[in-house]
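Grab a coffee and work through these exercises with the structure open beside you. Each one gives you a task, followed by a worked solution.

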Amino acid sequence: MAVQLVGVVGGGTMGAGIAEVCAKAGSDVIVLETSEKFADAARERVSTSIGKGVTRGKITQEDADAAIARVRVTTEIADLADRDLVIEAAPEVESIKTDIFAKLDAVVKPSGILATNTSSLPVIKMAQATNRPGQVVGVHFFNPVPVMPLVEVISALTTDDAAANEVYDYVKSTLGKTAVRAGDRAGFIVNALLIPYLCDAVRMLESGYATKEDIDDAMKGGCGYPMGPLTLLDTVGLDIALNAAQALYDEFAQPNYAPPALLRRMVDAGRLGRKTGEGFYSYK
């Protein structure tokens, strides 16, 4: 089965980005939101982002208009019934995601593949919420989706090879992304290596060992990274990083995975990084 009809659950930053890249690649896309207010916001995110591509010379106005026309936003889950692939991009809360998968399972055609964009939760949890665990796959995009080239394709213990291969081929051949395969363990590949590094940077700042500016400048200048760890945390979202660290610590119980106290306090304070205007740095 070649993927042509795509559904995206959630029109926030990640969901809108996924919808955009799928539409620009020629897929017919339906985005599911929970209310008309959020639906309007999702439409605006997609059209604004694609419009920026025109301004920057990345896409012609004609192609941009065609891509926008391929995206429809709805508040009715039944509209996803004919989709070949549905990608869930809801908040990183297990109960929310499993509830979505149970509802999708009852609506989406039997041959449809259900995918989760989770960055930290076990894919098997979502698979077991359905009657089609063989057709549930992890497909972890990175933020910002239109820019970041990598997608992790994750197979749970129950995932059929055919479903995983179909998603892998769609991501690589249709979307033009760099696709890598990973097993269903906390953090997959990227976060399993990245999160300890980010947590260590927070602990270094917390201890007074170095300033945030010096930590970031050292890693950019000494390792050639495009941005330092604390700037990266602000970009990813401190809440997202905290959830990923907690998931890693819960699974492996290694000290370097434990979320630093400072990271928890900043999330408690609502200082989540760029998206709230305040994180380790101010963006107001």
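## Exercise 1: A residue in helix α2

**Task.** Find the helix that holds Val54, decide whether Val54 is buried, partly exposed or exposed, and list what it touches beyond its close sequence neighbours.

**Solution.**
- Start with the location: Val54 sits in helix α2, which covers residues 36–55. Keep in mind that you're looking at a predicted model.
- Next, the accessibility. Buried would need a value under 20% and exposed a value over 50%. Val54 comes out at 24% relative accessibility, so it counts as partly exposed.
- Now the contacts. Setting aside residues up to four places away in sequence, Val54 touches Ile59, Thr60, Gln61 and Ala64.
- Finally, take one of those partners, Ala64. Val54 and Ala64 are 10 residues apart in sequence, and their C-alpha atoms are 7.1 Å apart.

## Exercise 2: A residue in helix α1

**Task.** Do the same for Val21: which helix is it in, is it buried or exposed, and which residues does it contact?

**Solution.**
- Val21 belongs to helix α1, residues 13–24.
- Its relative accessible area is 8%, and the cut-off for buried is under 20%, so Val21 is buried.
- Leaving out neighbours within four places in sequence, the contacts of Val21 are Phe141, Val145, Pro146, Leu175 and Lys177.
- For a sense of the sequence gap, try Val147: it's 126 residues from Val21 in sequence, yet the C-alpha to C-alpha distance is 9.4 Å.

## Exercise 3: Backbone oddities

**Task.** Work out where the cis peptide bond between Asn143 and Pro144 falls, then place the non-glycine residues Phe188 and Ala253, which have positive phi.

**Solution.**
- The bond joining Asn143 to Pro144 is cis, with omega at about -5°. Pro144 lies in the loop between β6 (136–141) and β7 (150–155).
- Phe188 has a phi of about 50°, positive even though it isn't a glycine. You'll find Phe188 in the loop between β8 (178–183) and α7. With a relative accessible area of 5%, Phe188 is buried.
- Ala253 has a phi near 55°, again positive in a residue other than glycine. Look for Ala253 in the loop between α10 and α11 (261–268). Here the relative accessibility is 53%, so Ala253 counts as exposed.

## Exercise 4: Helix α9 and the cavity

**Task.** Say what the buried residues of α9 pack against, and describe the lining of the largest cavity.

**Solution.**
- Helix α9 runs over residues 229–236, and Pro229, Leu230, Thr231, Leu233 and Asp234 are buried in it.
- Those buried residues pack against α7, α8 (212–223) and α10 (238–252).
- Just past the end of α9 comes Gly237, with a positive phi of about 110°.
- On to the cavity. The count is 1 cavity of 30 Å³ or more, and the volume of the largest is about 30 Å³.
- Its lining is made up of Ile195, Leu198, Cys199, Val202, Leu233, Ala241 and Leu263. Leu233 is also one of the buried residues of α9.
- Helix α7 (residues 190–206) gives the most to this lining, with 4 residues.
- Sort the lining by class and you get 7 nonpolar residues, no polar ones and no charged ones.

## Exercise 5: Zooming out

**Task.** Compare the two stretches annotated in the UniProt record, then check whether the radius of gyration of the chain agrees or disagrees with that of a compact globule.

**Solution.**
- The unreviewed UniProt entry places "domain: 3-hydroxyacyl-CoA dehydrogenase NAD binding" at residues 6–184. That stretch is 41% helix and 22% strand, with its end C-alpha atoms 23 Å apart.
- The UniProt annotation "domain: 3-hydroxyacyl-CoA dehydrogenase C-terminal", also from an unreviewed entry, covers residues 187–283. Here it's 62% helix and 0% strand, and the end C-alpha atoms are 28 Å apart.
- Across the protein chain you can count 11 helices and 8 strands.
- A compact globule of 284 residues would have a radius of gyration near 19 Å; the chain has 19 Å, so the two agree.
- The C-alpha trace spans about 55 × 45 × 35 Å along its principal axes, and 46% of the 284 residues count as buried.
- Last step: of the contacts between residues at least 6 apart in sequence, 65% join residues at least 24 apart.

Technical notes
Residues numbered from 1 in each chain as written. Predicted model: local features only at pLDDT ≥ 70, side-chain atom pairs only at ≥ 80, totals over all residues. Heavy atoms only, no water. 1 Å grid on protein atoms, 1.4 Å probe; cavity = no way out; pocket = protein on both sides within 12 Å on 5 of 7 lines; lining within 4 Å. Points joined across faces, edges and corners; volume = space filled by probe spheres on them. Helix = DSSP H or I, 4+ residues; strand = E, 2+ residues; numbered from the N terminus. Nonpolar A, V, L, I, M, F, W, Y, C, P; charged D, E, K, R; others polar. Buried < 20%, exposed > 50% of the residue type's maximum accessible area, 1.4 Å probe, protein only. Contact = heavy atoms within 4.5 Å. UniProt positions renumbered as here; feature names shortened; annotations may be inferred. Rg over C-alpha atoms; globule rule 2.2 N^0.38 Å.
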